[in-house]
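Here is a friendly walk through one structure, with salt bridges and sheets as the main topics. Please have a look at the sequence and the model before reading on.

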Amino acid sequence: MNGISDWDKSQAQLIAELQELRREVHRLGGETLAPEESLTSIPLSAHENRVRDILNLAPLPLMIHTQKGEIIQINKAWTDLTGYHHRDIPTIADWTRQAHPDCSQEVQTAIAELYDLQEQIICTAEYTITTKTGKNRTWQFTCAPLGTLADGRRVAISMATDITDLKQTEARVQQTNLELETRVAERTAQLSALTDRLQQELTERQQTEQLLQQQAQLLELAHDTILTRDLKGRITFWNRGAERMYGISKSEAIGQISHELLASEFPQPLAEIEAELLRVGYWEGEITHTPPHGIPLIVASRWVLQYDEFQQPLQVLEINNNITRRHQAEADLRESESRFRQLAENIRDIFWSADLKRKELIYINPAYEKMWGRSCETLYQNPDDWLDAIHPEDRPRVEQGVSQKYLNGEYDQEYRILRPDGSLRWIHSRAFPIRDQRGKLVRVAGLATDITDRKTAERALQASQARLAGLVEIAGDAILSVDAQQRITLFNQGAERIFGYCAAEVLGQPLDLLMPSRFVNNHRLWVENFGKTSVRAGSMGEGTEITARRADGTEFPAEASISKLEIEGEQIFTAILRDISDRKRTEAALSQLAAIVEDSEDAIFSKTLDGTVVSWNASAQKLFGYSPPEAIGQSILTLIVPSDRQSEETTLLEKIVQGESVQQFETVRMRKNETLIHVALTISPVKDGRGKMIGISTIARDISDRRQIERMKNEFISIVSHEIRTPLTSIRGAIGLLASGIYQNKPERVQRMLEIALTDSDRLVRLVNDILDLERLESGRLELVKERCDAAKAIAQAVEGLQAIADQAGVRFSLPPGTATVWASPDALQQVLTNLLSNAIKFSPPQSIITLTVQPQWQGVLFAVQDSGRGIPPDKLEMIFNPFQQVDASDSRQKGGTGLGLTICQRIVHQHGGRLWVESTLGEGSTFYFTLDDPPH
């Protein structure tokens, strides 16, 4: 067993035990033992019977044993929890053999060593015990020597606390921490990967920054309405999007009730929406707004509740997206579907849809009968009937494609069919997936087109293109030619791949086919004008970029150049077009990556292998004080590395070069103002496209707050341990002296020892209760249920509870003549008033007056408690609100108290959204002020 080093401050059992001990000691006050009586005398004295009854009824398990291993007594709680009676374990050896089978000798040795300790020492240890029923439980034993009996036997007492549930909780907490650390490591790895990609694109940094600026301007000009309003609905912010959407200027909107200004129609009662917003902090739905111009708008509205620094609701952020057109589009879509079915009945291509789950044909239009020469009814009865018409040479390929891709909705094939009349037709068949809202494939729709004429044209085209195929077809870019009427005469494989058309589909078609309709007129005019100039070659579009359109209707950016040639009086234009979609996506990815790095809360910077800084994000500027222009190009060693840490950089670089990982390396770095800061570094290599390391990327996280919290936590534990150990030592000393019997003939000394134990027991109970209250306040587990409270009534109740103490101290109260109503928790308000009045009584001289005032203000109510005591020095006006801090260290002993009262008062007032402070003049007295909010309207 080790000397006591900690105490479980949160156990309610400890408080109950101390309270019970205090009551029993109080009842025994004044009783003394005759000199000849002892704990082992027979018959038992009335005093011993009383002591044994106390031990037997104690709520925690207790055992009294001798140095020779005899067990004198175990109480009822011991038997109830273990199942062992005194007759089962008459000796320590019997107890350890049954309850500690795996460490019997170790426990016996620890108990034997107990008797060699001084009587004031309290020892604790944890062991796993086995109950009589075979269950294993974890107990924390608290043991202490009691002294020597009249017959010479040395006696000790052991008290046990079942901490099995606590240990299981600690194990779960450790597992949770491990999972959290794992997630942090994964996120760090992701950021390191993003940093690698950033370094690879440093050469395009300037373009990326320009794109970011453009995007920021676009965000400022967002078409969505963005507004904020207070909790009463009054508008406090109104952006340009709102002005455009509703036709209401910012000056007209600010200060107005939003739902009244916009004549809002909600999908449910507004009170229900606001209740949900307060409960979960978020709401979204569709609202109809009718602004003053009278045209109703349907908006998709998202509300987010914002909080102040005390986590109190502050205001509502509302974002509205005008979906009026979408609603109209949905109605138009329903009408369009009706027209589509009518159209499908009359088109030349085959349109069909099938249910994959039921493996049946849902619909096929009449074009099937014309194209296949077979009835639709036969196909409904046998969905595979269409395969019988496929040319024998093509059927294996078609069946394979159906089995591999058709079920995924990705079928696209060309094949031949033999019609009943013996004619052969070429068919282009495609299938498209139809998915539900969850993305699950539920149906497949398809088109089948007779491309016989196109195939015939393709064969003719192949012959005409043989002259240019060798050069044109190997080009990766799209190469196409148009005549003077801008009809397409050449379309290479690069063009087919880029545009999605085959050459046969576009040859002879106007160039307009490859352009978005909004650009057709401008492009046609540009080509005509180019044909009239003397320039033989140039770039198309503004700068070198144009927008083109694929066969599926999608648009893409491209770079295009054009040349012209005149043959026999006819102009021929040839254009070379390159799809730059991939480059645009790369630029967008770089922009996103740059935004992530720039918005990161951690400092992120990169440097060359010789330590020269090449990138420096906003968080790095915030952490170290250097702007990017100040940092980039400088040596990291002279910039932020203290002189005594220079060797670290070399060591870390060697680790990275050797392939080792540097994660969360804690060290010290230096700010621009030369102050030191604790940071955790995560370092990764930066490599070029060939995998060669060309630099280092560093993520630096400020851990100064964490270090400060750890220091404050250790200081708090040290103070609490000292404050608890002091009364415990006093109680133990008093009881030890009584148990030793040296005061058997001195009743006045016995009475004094009992008074000491009683006083320190009261102090310990108050201290533990205050510590628990403070912990609940700081952890947020103490829920304050606020209601309307009459200030004068609350003060009168607090004064009434302290009147007896005030009369004893010769102090009078002056109560406020008026009153006010506040929004507060009644119990919490009583606790604050009682603490402040109790302190005023302690430090007020006899025949003095304590004045209480209540004063309504513009916002809230101001309370004041004024005494005429000795006052507080100016340098301690803030310190006294810290835990265990008092003006005079002797106040705790002379005036009583735990040193936590003002700390608890300050926490309670802060949770109400108020403020607590003190003003004082030495020799004249002090006034404590605090504020509380008015009730909500």
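## Salt bridges and sheets

A network of salt bridges links Lys607, Arg645, Glu648, Glu649 and Arg669. A salt bridge here is a side-chain nitrogen of Lys or Arg within 4 Å of a carboxyl oxygen of Asp or Glu. The structure holds 32 salt bridges.

Before going further, a word on the source: this is a predicted model, in which local features need pLDDT of at least 70 and side-chain atom pairs count only at pLDDT 80 or more, while totals for chains, interfaces and linings use all residues. Residues are numbered from 1 along each chain as its sequence is written, and side-chain values use heavy atoms, with hydrogens and water left out.

Three salt bridges, with their closest N and O atoms, are set out here.

| Salt bridge | N to O distance |
|---|---|
| Arg234 and Asp230 | 3.1 Å |
| Glu393 and Arg416 | 2.9 Å |
| Arg425 and Asp450 | 3.0 Å |

How do these partners sit relative to the surface? Buried means under 20% relative accessible area, exposed over 50%, and partly exposed in between (1.4 Å probe, protein chains only). Arg234 is partly exposed at 36%, whereas Asp230 is buried at 17%. Glu393 is exposed, with a relative accessible area of 60%, and its partner Arg416 is buried at 18%. Arg425 and Asp450 are partly exposed, the former at 24% and the latter at 29%.

In sequence, Arg425 belongs to strand S15 (residues 424–435) and Asp450 to strand S16 (residues 441–450), so this pair links distant parts of the chain, 25 residues apart. Helices (H or I, at least four residues) and strands (E, at least two) are DSSP runs, numbered from the N terminus.

Now to the sheets. Two strands pair if DSSP finds at least two bridges between them. Five strands form an open, antiparallel sheet in the order S8-S7-S11-S10-S9. Strand S8 (235–238) and strand S9 (282–289) stand at the edges with a single partner strand each, so one side of each is left without a neighbour in the sheet. Neighbouring strands of this sheet are turned by 25 degrees against each other on average, direction ignored. For such angles, axes are lines fitted to C-alpha atoms, for helices over the stretch in contact, and angles run from 0 to 180 degrees between N-to-C directions.

Which residue stands opposite Tyr282? Val304 in S10 does, and eight antiparallel bridges join S9 to strand S10 (residues 297–307). Nine bridges join S10 to S11, where Leu305 faces Val316. These two strands form a hairpin with five residues between them, and Gln311 in the turn has a positive phi of about 60 degrees. Strand S7 (residues 225–230) pairs with strand S11 (residues 313–322) over six bridges, with Thr225 opposite Asn320.

A further open sheet of five strands runs in the order S24-S23-S27-S26-S25, again with antiparallel pairing. Its edge strands are S24 (613–616) and S25 (662–670), and the twist averages 30 degrees from one strand to the next. Strand S23 (residues 603–608) and S24 share three bridges, and Phe605 stands opposite Trp616. Helix H25 (residues 646–657) lies across S23, S25, S26 and S27, running at about 160 degrees to S25.

Conventions: Contact = heavy atoms within 4.5 Å.
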